[in-house]
Amino acid sequence: MQGYILHTQKVKEEDLIVYILTDKFVVKSYRFYGARHSILVNGYKIDFELISSMNFLPHLRTVLHMGFKWLLDREKFIVWQQFMRLLYMHLKDVEDIDEIYFNEIDFCAKRMDKQNPKRLILQSYVKILEHEGRLHSEFECFICDEVISDNVCFARSLLPGHKNCLNKFSFELKKIEYLFDNKSTLMLDESDVNELYSILLEGF
């Protein structure tokens with residue numbers, strides 16, 4: 001079985017509870033002496049086995065780290081771990097999940113070495129919001145309920161609003177329409193990307 005480590009939680013002295021995102025489940029597992037193992041790091045992709053336990057969490061065994069070269073790039077790894085924390089907070093209370101979550105982070109991980117990490121993650125964030133039915137592409141202000149026809153601002157989860165209503169950084173509407181329609185940041189400049197990424201960090 002393969003998956004991405006979303007979160008680790010230390011218990012006792014050296015044991016860990018490890019949350020792993022697979023294509024079908026969020027696995028909550030137990031690893032004896034897990035704190036000793038450098039491969040049990042948030043964001044790492046692993047191949048692993050689970051040993052069922054009648055009275056406790058399944059035991060995590062035979063763990064193999066499936067590394068990527070870009071993990072040595074500190075800036076990219078920080079962005080990556082930030083996204084893993086967001087996914088953990090979003091998915092921690094569910095078990096069975098749609099495969100889009102695994103597929104999107106797997107897609108990003110395989111392209112992170114050659115592409116801008118914030119742009120990759122923003123595109124996946126938009127795809128996930130659309131899958132969940134929470135991408136507001138009608139562009140109506142969630143505060144005043146009026147149509148947005150010029151620049152658009154965003155609250156958490158990319159909830160759109162007028163600049164006068166939100167008093168935040170605004171984006172050209174045509175750029176955001178392109179992002180939402182094509183799941184691409186091609187039309188966005190770096191300041192746009194950085195501002196949208198700061199909104200992403202507020203959570204799903």
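Contact here means heavy atoms within 4.5 Å of each other. By that yardstick, 22 residues of domain 1 touch 21 residues of domain 2. This is a predicted model, and the tour below takes in the two domains, a set of aromatic pairs, a charge over a ring, a small sheet and the loop residue Arg156.

**Domains**

- The domain assignment splits the protein chain into domain 1, covering 2-69, and domain 2, covering 71-202.
- Taken over C-alpha atoms, the centres of domain 1 and domain 2 are 28 Å apart.
- Where the two meet, the contact involves 22 residues from domain 1 and 21 from domain 2.

**Aromatic pairs**

- The structure has 14 aromatic pairs in total.
- One of them is Tyr4 with Phe102: the ring centres are 5.7 Å apart and the planes sit at 55°, so this pair counts as tilted.
- That pair brings together distant parts of the chain, since Tyr4 belongs to strand E1 (residues 2-11) and Phe102 to helix H2 (residues 100-111), 98 residues apart.
- Tyr4 is buried, with a relative accessible area of 0%.
- Phe102 is buried as well, at 9% relative accessibility, because anything under 20% gets that label.
- Phe139 and Phe180 make a stacked pair, with 5.4 Å from centre to centre and 15° between the planes.
- Phe139 is in the loop between helix H3 (117-131) and E6, while Phe180 is in helix H5 (residues 173-182), so this pair ties together parts 41 residues apart in sequence.
- Phe139 and Phe180 are both buried.
- There's also a cluster: ring pairs join Tyr4, Phe68, Trp70, Trp80 and Phe102.

**Helix H2 and Lys127**

- Lys127 places its charged end over the ring of Phe107, 4.9 Å from the ring centre.
- Lys127 also turns up among the contacts of Glu104, a residue of helix H2.
- Setting aside neighbours within four places in sequence, Glu104 is in contact with Ser124, Lys127 and Ile128.
- Glu104 has a relative accessibility of 10%, so it counts as buried.

**The three-stranded sheet**

- Three strands form an open sheet in the order E7-E6-E8, and the pairing is antiparallel.
- Strands E7 (159-161) and E8 (171-172) are the edge strands; each has a single partner strand, so one side of each has no neighbour in the sheet.
- E6 (residues 151-155) pairs with E8 in the antiparallel sense through two bridges.
- As for individual residues, Asn151 has Glu172 in E8 as its bridge partner.

**Arg156**

- Follow the chain into the loop between E6 and E7 and you'll find Arg156.
- Its relative accessible area is 46%, so Arg156 is partly exposed; the cut-off for exposed is over 50%.
- Leaving out neighbours within four places in sequence, Arg156 is in contact with Ile199, Glu202, Gly203 and Phe204.
- With Glu202 there's a specific polar link to look at: the Arg156 side chain reaches the backbone oxygen of Glu202 at 3.2 Å.
- For a sense of scale, Arg156 and Gly133 are 15 Å apart, C-alpha to C-alpha, with a sequence separation of 23 residues.

How values were computed. Residues are numbered from 1 along each chain as its sequence is written. This is a predicted model: local features need pLDDT of at least 70, side-chain atom pairs count only at pLDDT 80 or more; totals for chains, interfaces and linings use all residues. Side-chain values use heavy atoms; hydrogens and water are left out. Two strands pair if DSSP finds at least two bridges between them. Helices (H or I, at least four residues) and strands (E, at least two) are DSSP runs, numbered from the N terminus. Buried means under 20% relative accessible area, exposed over 50%, partly exposed in between (1.4 Å probe, protein chains only). A polar contact is a pair of N or O atoms within 3.5 Å; within protein, one must be able to donate a hydrogen and the other to accept it, and residues adjacent in sequence count only if both atoms are side-chain atoms. Rings of Phe, Tyr and Trp (its six-membered ring) pair if their centres lie within 6.5 Å; planes under 30 degrees apart count as stacked, over 60 as edge-to-face and the rest as tilted. A charge sits over a ring if NZ of Lys or CZ of Arg is within 6 Å of the ring centre and within 35 degrees of the ring normal. Domain bounds come from an automatic or database domain assignment.
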